[in-house]
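Here is a protein model to wander through, one piece at a time. Could you have the sequence and the 3D view open side by side as we go?

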Amino acid sequence: MIKLSQKLKQQLWWLIISVDYNYSRIAIADHDLTDEAMTLWLEDKQDYKNTLDECLRLDLPLTRFARLIKSEGLNSYEGTKVHAKKGYLYKTRIEINEPITWYRDDATLTEQQWAREALLKAILTQLVENEVYDGSLS
């Protein structure tokens with residue numbers, strides 16, 4: 001679960017409302033990956049901004065991005081291995097590389113884009129599910 005500040009939640013809700021709850025209109029205008037965080041700048045596809053300062057900025061811990069890559073299986077593929085001692089074949093997920101190393105070094109530009117979009121989808125899903133759940137309790 002990604003921890004979001006109340007201010008960031010409000011900004012995300014404002015963006016969701018401004019796109020009339022049409023999540024496909026939310027675009028990643030730009031991104032940046034540092035040693036500590038993945039930063040996404042979000043905007044409405046029907047209202048492109050002139051500068052990144054006008055976009056909604058999301059700074060997310062790199063560990064959360066790594067967990068998402070791993071849980072979505074983006075850094076692995078399904079393959080067959082031979083059991084080391086017993087010699088039988090079995091199907092398993094074979095990891096290409098550690099999540100962030102995979103993203104930086106192994107992933108194609110398209111795979112990197114998929115990873116960023118999966119992160120955005122996870123954030124929006126968590127926000128909507130938690131707010132609806134929290135709202136139903138009161």
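What follows is a walk through the sheet, then the helices, then two single residues.

One thing to keep in mind from the start: this is a predicted model.

Let's begin with the sheet. It is an open one, built from three strands in the order 1-2-3, with antiparallel pairing. Strand 1 (26–33) and strand 3 (56–61) sit at the edges and have a single partner strand each, so one side of each has no neighbour in the sheet. On average, neighbouring strands here are turned by 25° against each other, if you ignore direction. As background, strands of a sheet pair through backbone hydrogen bonds, and they can do this in a parallel or an antiparallel way.

Now look at how the strands are joined up. Strand 1 and strand 2 make a hairpin, with three residues between them. Seven bridges link this antiparallel pair. If you'd like a spot to find on screen, try Leu 33, whose bridge partner in strand 2 is Met 38. On to the other pairing: strand 2 (residues 37–44) and strand 3 are antiparallel too, over six bridges. Here you can look for Leu 42, which has Leu 56 of strand 3 as its bridge partner.

Next come the helices. Helix 1 (residues 6–18) lies across strand 1, strand 2 and strand 3, and runs at about 130° to strand 3. Does its length add up, or what should we expect of it? At 1.5 Å a residue, its 13 residues should span 18 Å, and the end C-alpha atoms of helix 1 are indeed 18 Å apart, which agrees.

Which residues of helix 1 are buried? They are Leu 8, Leu 12, Trp 13, Leu 15 and Ile 16. Looking down the axis of helix 1, you'd find these buried residues within an arc of 160°, so they line one face of the helix. There is a simple bit of geometry to recall here: an α-helix has 3.6 residues a turn, so residues three or four places apart point the same way. Turned away from the buried side of helix 1 is a face that carries the exposed residues Gln 6, Lys 7 and Trp 14. Just after helix 1 you reach Asp 20, which takes a positive phi of about 55°.

Helix 2 (residues 62–72) also lies across strand 1, strand 2 and strand 3, and it runs at about 80° to strand 3. Its buried residues include Leu 62, Arg 64, Phe 65, Ala 66, Leu 68 and Ile 69. After helix 2 comes Gly 73, with a positive phi near 70°.

Let's finish with two residues up close. Thr 39 belongs to strand 2. Is it buried or exposed? Thr 39 has a relative accessible area of 4%, and that makes it buried. Its side chain makes a polar contact of 2.6 Å with the side chain of Asp 59. Leaving aside residues up to four places away in sequence, Thr 39 touches Asp 30, His 31, Asp 32, Arg 57, Leu 58 and Asp 59.

Lys 49 is found in the loop between strand 2 and strand 3. With a relative accessible area of 30%, Lys 49 is partly exposed. Beyond residues up to four places away in sequence, Lys 49 touches Glu 43, Glu 54 and Cys 55. Along the chain, Lys 49 and Ala 29 are 20 residues apart, and their C-alpha atoms are separated by 8.6 Å.

Key
Residues are numbered from 1 along each chain as its sequence is written. Side-chain values use heavy atoms; hydrogens and water are left out. Two strands pair if DSSP finds at least two bridges between them. Helices (H or I, at least four residues) and strands (E, at least two) are DSSP runs, numbered from the N terminus. Axes are lines fitted to C-alpha atoms, for helices over the stretch in contact, and angles run from 0 to 180 degrees between N-to-C directions. Contact means heavy atoms within 4.5 Å. The expected span of a helix is 1.5 Å times one less than its number of residues. Buried means under 20% relative accessible area, exposed over 50%, partly exposed in between (1.4 Å probe, protein chains only). The arc is that of the directions from the helix axis to the C-beta atoms. A polar contact is a pair of N or O atoms within 3.5 Å; within protein, one must be able to donate a hydrogen and the other to accept it, and residues adjacent in sequence count only if both atoms are side-chain atoms.
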